[in-house]
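Trainee: Got a minute to go through this model with me? I'd like to start with the fold and then move to the ligand.

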Amino acid sequence: MKLTVAIDGPAGAGKSTIAKLVGKKFNLVYINTGAMYRAVTIIALRNGITAENISKLCNMIDNLEMHFEDDNIIVNGEDLSNEIITPEISGKVSSYAAVLEVRERLVNLQKKIAENYSVVMDGRDIGTVVLKNADFKFYLTALPEKRAERRYKELIDKGINAEYKNILSDIIKRDYADSHREIDPLTKAVDAIEIDSSTMNIKEVVDLMAEYIYRR
Ligand code: CDP
């Protein structure tokens, strides 16, 4: 039987960590949609294409082959997994993600993947746009300071230079941009279950989601 799980929420709420574990538990393909927007940002920056240059941006995306291998994002044969998480890309991704033509292309790709597999997808518009009919929708959030703390630790653990106060301000800026953009802004789907993970650890969040899924 096919199962679809949508996890949305603000920056650094732990969506990807949780989604990966929920995917393992229920044998679902995990799709990190944020990684797709981040990968588009990397390739655009490498080619000097700004978010305003729509025709070049469209042409660029139309010539990209993007897929996931395990949890790694591969674009035109190159593994971009380490580059997508850098603060430079975090600071720029929201302006590319706000472009209608970028969203149309990535959302189409995401919908196509979900047609063929049982998936758990995380992002900003999964429960509201990409998987409107998902079997389960979760909205995962936490206090901004908690999210910044976790992101800071993640970057330092990976050997990436970071400063807590810059991460916190990036998170606040990105949340604002993502929730106020015109197209498919970050918003909690009416039928989503909200989980505030400020005082919960990873296992507690996964167990809670699993409980909802088993219950039905
Ligand atoms: O991991 P984190 O929560 O920091 O962000 P992400 O999930 O990697 O997403 C990076 C950025 O991509 C977000 O800040 C959004 O601007 C954009 N995004 C989006 O617009 N729609 C999605 N479905 C996923 C990400």
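Mentor: The model is predicted. The secondary structure of the chain consists of nine helices and eight strands.

Trainee: And the C-alpha trace, what does it span along its principal axes?

Mentor: About 50 × 40 × 30 Å.

Trainee: How does the radius of gyration fit a compact globule?

Mentor: It agrees, because a compact globule of 216 residues would come out near 17 Å and the chain has 16 Å.

Trainee: Switching to the ligand. Where does the ligand sit?

Mentor: In the largest pocket. The elements that contribute two or more residues to the shell around the ligand are α2 (33-46), α4 (87-97) and α8 (164-180).

Trainee: Which of them gives the most?

Mentor: α2, with four residues.

Trainee: How many residues surround the ligand, and which are the closest?

Mentor: There are 20, and the closest are Arg38, Arg103, Asp125, Asp178 and Arg181.

Trainee: How do the shell residues divide into nonpolar, polar and charged?

Mentor: Six are nonpolar, five are polar and nine are charged.

Trainee: Any polar side-chain atoms by the ligand's oxygens? What is the distance for Asp178?

Mentor: A polar side-chain atom of Asp178 is 2.6 Å from a ligand oxygen atom. For Arg151 the corresponding distance is 2.8 Å, and for Lys15 it is 3.0 Å.

Trainee: What share of the ligand's accessible area does the protein cover?

Mentor: The protein covers 96% of the 530 Å² that the ligand has on its own.

Technical notes. Residues numbered from 1 in each chain as written. Predicted model: local features only at pLDDT ≥ 70, side-chain atom pairs only at ≥ 80, totals over all residues. Heavy atoms only, no water. Near = heavy atom within 4 Å. Polar contact = N/O pair within 3.5 Å; in protein donor to acceptor, adjacent residues only side chain to side chain. Areas by Shrake-Rupley, 256 points an atom, 1.4 Å probe, with all protein chains shown as cover. 1 Å grid on protein atoms, 1.4 Å probe; cavity = no way out; pocket = protein on both sides within 12 Å on 5 of 7 lines; lining within 4 Å. Sits in = over half its atoms within 2 Å of the grid points. Nonpolar A, V, L, I, M, F, W, Y, C, P; charged D, E, K, R; others polar. Rg over C-alpha atoms; globule rule 2.2 N^0.38 Å.
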